[in-house]
Amino acid sequence: MKSFWKGSAVLIAVALLAAGSRAEARAQRPGQIPNGGVKSCANCHVSSAGGGPRNLFGQMVEANFLSSAGFSGRVQWGPELAKQDADGDGATNGEELGDPEGLWKAGDADPGEAVAVTLPGDPNSHPPIKEVSMVEASTWAQVKEAARELFR
Ligand SMILES: [Ca+2]
């Protein structure tokens, strides 16, 4: 009976250590994208608590933008990842994370404004879409400007 408890305690300790190191490894990932701390784990995971399945941006990062596979891989943020639109909502990953050009480097101050940051892996989360209305424009100059915006 004594050895049963001893064995259980060892198993629990091993499980806790494994869970702890996994969470720790992933906790650095948000710091590898601009404004990563604003939405934290939800940038890449379906669950905002992190872990489990990845959202569309997380899948894109995992497939093509990690320095190496597994927990130690670092996100390779740059122009290539910034210009893609992982969730297909019309805003690029960089526009959603406040770094449209992909110039931010890990350790830099977060670019842009935190309140403007949206989720690059959630099509329901995106910057406000610029509404252009030629009907509301009252002068020819405004109509031309609206058309220019629309077809830019
Ligand atoms: Ca989005």
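## A first look at an all-helix model

P100 has 18 other C-beta atoms within 10 Å, so P100 is partly exposed (20 or more would make a residue buried, 12 or fewer exposed, and anything in between partly exposed, with C-beta atoms placed from the backbone). The model here is a predicted one, where local features need pLDDT of at least 70 and side-chain atom pairs count only at pLDDT 80 or more, while totals for chains, interfaces and linings use all residues. Residue numbers start from 1 along each chain, following the sequence as written.

Let's stay with P100 for a moment. P100 sits in the loop between α5 (93-96) and α6. P100 and A82 are 18 residues apart in sequence, yet their C-alpha atoms are 6.1 Å apart in space. Setting aside residues up to four places away in sequence, P100 touches A82, T92, G94 and E95 (a contact means C-beta atoms, placed from the backbone, within 7 Å).

Now zoom out. The protein chain has six helices and zero strands (these are DSSP runs numbered from the N terminus: H or I over at least four residues for a helix, E over at least two for a strand). Read from the N terminus, the elements go α-α-α-α-α-α. Of the chain's 152 residues, 26% count as buried. Take the contacts between residues at least 6 apart in sequence: 43% of them join residues at least 24 apart.

What does the largest nonpolar core look like, and which residues have the most contacts inside it? This core has 18 residues, and F57, M60, V61, F65, V75 and W77 have the most contacts within it (a core is a set of buried Ala, Val, Leu, Ile, Met, Phe, Trp, Tyr and Cys residues joined through C-beta atoms within 7 Å). Both α3 and α4 (79-82) supply at least two residues each, and α3 gives the most, with four. The buried residues of α3 are L56, F57, G58, M60 and V61, and they pack against α5. As for F65, its contacts are M60, V75, Q76 and L81, once neighbours within four places in sequence are left aside.

Helix α6 (residues 140-151) makes a contrast: zero of its twelve residues are buried, so to speak of a cover here would be a stretch, as α6 is hardly covered. From first C-alpha to last, α6 reaches 17 Å, close to the 16 Å expected (that is 1.5 Å times one less than the number of residues).

Next, two loop residues with an unusual backbone angle. Most residues other than glycine have a negative phi. N35 and S40 are not glycines, yet each has a positive phi.

| Residue | Phi | Loop | C-beta neighbours inside 10 Å |
|---|---|---|---|
| N35 | about 55 degrees | between α1 (2-27) and α2 (36-39) | 21, buried |
| S40 | near 50 degrees | between α2 and α3 (56-64) | 16, partly exposed |

Finally, how far does the predictor trust its own model? The mean pLDDT of the chain is 85, and 78% of its residues reach 70 or more (pLDDT is the predictor's confidence in each residue, from 0 to 100). Over residues 16-25, though, pLDDT stays under 50, and the model has two contacts beyond four places in sequence for them. Where pLDDT is low, the predicted coordinates should not be read in detail.
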